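Q: I would like to learn how to read a model of this kind, feature by feature. Where do we start?

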Amino acid sequence: HCLSVIDCRDLHDPSGQHLRSHCGVHTENLGPIVGHAKFPHVMRCVATECAKALRQKPPVPWTVVAVCKSGRHRSQAVGRVMAEVGLTDEVQAGTNH
């Protein structure tokens, strides 16, 4: 089994107080997080970890844990993007919070 930890703390939490009560997959939170200048770096980390997992012989399950300070916004947004990108016939992807 492969386990990867993705650090999302460099991404910024939602700025408006009215958005703090919404989770990271809420459209008003997801957009700014995905649009953050450091988001491509976070996703490159995911791709690097994915490549490591795919090189395992025989193939093994791969678990990715996205972390931030509170687990409400940034990590949820990154988890949602990983799940959406990973949806193929060969890959089973999902989020669990």
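A: We start with what counts as an element: helices are DSSP runs of H or I with at least four residues, strands are runs of E with at least two, and both are numbered from the N terminus. The model here is predicted.

Q: How many helices and strands are in the chain, and in what order do the elements run?
A: The chain has four helices and two strands. Read from the N terminus, the order is β-α-α-α-β-α.

Q: What should I look for in the side chains of a strand?
A: Side chains in a regular strand alternate between the two faces of the sheet. Strand β1, residues 2-7, shows this: Cys 2, Ser 4 and Ile 6 are buried and point to one face, while Leu 3, Val 5 and Asp 7 point to the other and are not buried.

Q: In which sense do β1 and β2 pair?
A: The pairing of β1 with β2 (residues 62-67) is parallel and runs over six bridges. As one point of reference, Ser 4 has Val 64 of β2 as its bridge partner.

Q: Is Asp 7 buried, partly exposed or exposed?
A: The class follows from the relative accessible area: buried is under 20%, exposed is over 50%, and partly exposed is in between. Asp 7, in strand β1, has 38% and is therefore partly exposed. Beyond its neighbours within four places in sequence, Asp 7 is in contact with Val 42 and Val 67. Its C-alpha atom is 9.5 Å from that of Arg 74, although 67 residues separate the two in sequence.

Q: Which residues have the most contacts inside the largest nonpolar core?
A: That core has 15 residues, and those with the most contacts inside it are Cys 8, Leu 11, Phe 39, Val 42, Met 43, Val 78 and Met 82. The elements giving two or more residues to this core are α2 (27-34), α3 (39-54) and α4 (74-85). For Leu 11, leaving aside neighbours within four places in sequence, the contacts are Ile 33, His 36, Lys 38, Phe 39, Val 42, Arg 74 and Val 78.

Q: How is the packing of two helices described?
A: Two numbers are used, the angle between the axes and the distance between the axes. For α2 and α4 the angle is about 80° and the axes are 10 Å apart. Angles of 65 to 115 degrees count as roughly perpendicular, so α2 is roughly perpendicular to α4.

Q: Which residues make the contact of α2 with α4?
A: Leu 30, Ile 33 and Val 34 come from α2, and Arg 74, Ala 77 and Val 81 from α4. By class, five of these residues are nonpolar, none is polar and one is charged. Ala 77 has 0% relative accessibility and so counts as buried. The C-alpha atoms of Ala 77 and Pro 32 are 9.9 Å apart, with the two positions 45 residues apart in sequence.

Q: What is there to check in the peptide bonds?
A: Most peptide bonds are trans. The bond from Lys 57 to Pro 58 is cis, with omega near -10°. Pro 58 lies in the loop between α3 and β2.

Q: What summary values describe the chain as a whole?
A: Of the 97 residues in the chain, 34% are buried. Among contacts with a separation of 6 or more, 72% are between residues 24 or more positions apart.

How values were computed
Residues numbered from 1 in each chain as written. Predicted model: local features only at pLDDT ≥ 70, side-chain atom pairs only at ≥ 80, totals over all residues. Heavy atoms only, no water. Buried < 20%, exposed > 50% of the residue type's maximum accessible area, 1.4 Å probe, protein only. Pairing = 2+ DSSP bridges. Core = buried A, V, L, I, M, F, W, Y, C linked by side-chain atoms within 4.5 Å. Contact = heavy atoms within 4.5 Å. Axes fitted to C-alpha atoms, helices over the stretch in contact; angles between N-to-C directions. Parallel < 35°, antiparallel > 145°, perpendicular 65-115°, else oblique. Nonpolar A, V, L, I, M, F, W, Y, C, P; charged D, E, K, R; others polar.
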